[in-house]
Amino acid sequence: MGVGNKRTITKTRRKTRDVDQIKADLLSTRHLSQFKDTKAAEDLPGLGRNYCIECAKWFDTESTLNAHRHGKPHKRRVKQLREEPDPDPRTVPGGSVNPRTNNAEEEGGGVAAVDVNMAT
């Protein structure tokens with residue numbers, strides 16, 4: 001089967017800012033102002049006056065911005081931003097993974113051998 005429209009596959013039109021970019025916006029007003037300066041006010045909804053920092057969305061009126069702030073998607077995003085990132089992204093939530101180190105070279109001077117049982 002052929003691909004009909006490539007634009008529907010990539011879906012880059014509604015790409016929002018990543019969580020780490022939004023956290024940088026919340027921590028530094030300079031970072032946020034640099035992002036806002038890249039957008040022309042004439043092209044933005046409501047001429048760029050109503051902006052939700054947590055969700056990185058523009059709104060037409062202040063009433064729609066307030067309605068958005070009381071909504072579930074906004075509350076989910078705020079909760080996601082409050083969570084601390086995992087210091088080690090290789091770990092699995094709920095699991096305990098012990099990384100293997102080659103301590104045998106330090107202790108006995110030899111190379112540690114790993115026994116592997118192969119099912120035949």
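This is a short walk through one predicted protein model, from the overall fold down to a few single residues.

Okay, hi everyone. Let's start with how far to trust what's on the screen. Remember, this is a predicted model. Across the chain, the mean pLDDT comes out at 74, and 58% of the residues reach at least 70. Where is confidence highest, and where is it lowest? The top spot goes to helix α4, residues 62–69, with a mean of 93. At the bottom sits helix α6, residues 104–107, with a mean of 52. So keep a pinch of salt handy when you scroll down there.

Now the layout. You're looking at six helices and two strands. Starting from the N terminus, the order goes α-α-α-β-β-α-α-α. The chain has 120 residues, and 18% of them count as buried. If you take the contacts with a separation of 6 or more, 27% of them join residues 24 or more positions apart.

Right, on to the inside. The largest nonpolar core has eight residues: Ile 22, Leu 32, Phe 35, Leu 44, Tyr 51, Ala 56, Trp 58 and Leu 81. Hang on to a few of those names, since they'll come back.

Let's do the aromatics. There are two aromatic pairs in the structure. One is Phe 35 with Tyr 51, a tilted pair, with 6.3 Å from centre to centre and 45° between the planes. That one ties together distant parts of the chain: Phe 35 belongs to helix α3, residues 29–37, while Tyr 51 is in strand β1, residues 50–52, and they're 16 residues apart. Phe 35 and Tyr 51 are both buried. The other pair is Tyr 51 with Trp 58, again tilted, at 4.3 Å centre to centre and 45° between the planes. Trp 58 is buried too, like Tyr 51. Put the ring pairs together and you get a cluster of Phe 35, Tyr 51 and Trp 58.

What else does Trp 58 touch? Setting aside residues up to four places away in sequence, the list is Phe 35, Lys 36, Lys 39, Leu 44, Pro 45, Gly 48, Asn 50 and Tyr 51.

Next, another core member, Ala 56. You'll find Ala 56 in the loop between β1 and β2. Its phi is near 55°, which is a positive value in a residue other than glycine. Is Ala 56 buried or exposed? It counts as buried, because its relative accessibility is 14%. Beyond its neighbours up to four places away, Ala 56 touches Arg 17, Ile 22 and Tyr 51. And here's a nice one: Ala 56 and Thr 16 are 40 residues apart along the chain, yet their C-alpha atoms are separated by 6.7 Å.

That region brings us to Arg 77, which sits in helix α5, residues 72–82. Which residues does Arg 77 touch, leaving out those up to four places away in sequence? Thr 16, Arg 17, Val 19, Ile 22, Glu 54 and Cys 55. What about charge partners? Arg 77 is buried, but it has no salt bridge. The nearest side chain of opposite charge is Asp 18, and that's 7.5 Å away.

Two last stops, and these aren't buried. Ser 63 is in helix α4, and it counts as exposed because its relative accessibility is 53%. Between the C-alpha atoms of Ser 63 and Asn 50 there's a separation of 9.4 Å, with their positions 13 residues apart along the chain. Then there's Ala 41, in the loop between α3 and β1. With 35% relative accessibility, Ala 41 counts as partly exposed. Apart from neighbours within four places, Ala 41 is in contact with Leu 47 and Gly 48.

So, what to take home? Look for the ring cluster of Phe 35, Tyr 51 and Trp 58, and then find Arg 77, buried with no salt bridge. That's me done, thanks!

Note on methods: Residues are numbered from 1 along each chain as its sequence is written. This is a predicted model: local features need pLDDT of at least 70, side-chain atom pairs count only at pLDDT 80 or more; totals for chains, interfaces and linings use all residues. Side-chain values use heavy atoms; hydrogens and water are left out. Helices (H or I, at least four residues) and strands (E, at least two) are DSSP runs, numbered from the N terminus. Buried means under 20% relative accessible area, exposed over 50%, partly exposed in between (1.4 Å probe, protein chains only). Lys and Arg count as positive and Asp and Glu as negative; His and the chain ends are not counted. A salt bridge is a side-chain nitrogen of Lys or Arg within 4 Å of a carboxyl oxygen of Asp or Glu. Contact means heavy atoms within 4.5 Å. Rings of Phe, Tyr and Trp (its six-membered ring) pair if their centres lie within 6.5 Å; planes under 30 degrees apart count as stacked, over 60 as edge-to-face and the rest as tilted. A nonpolar core is a set of buried Ala, Val, Leu, Ile, Met, Phe, Trp, Tyr and Cys residues joined through side-chain atoms within 4.5 Å. pLDDT is the predictor's confidence in each residue, from 0 to 100.
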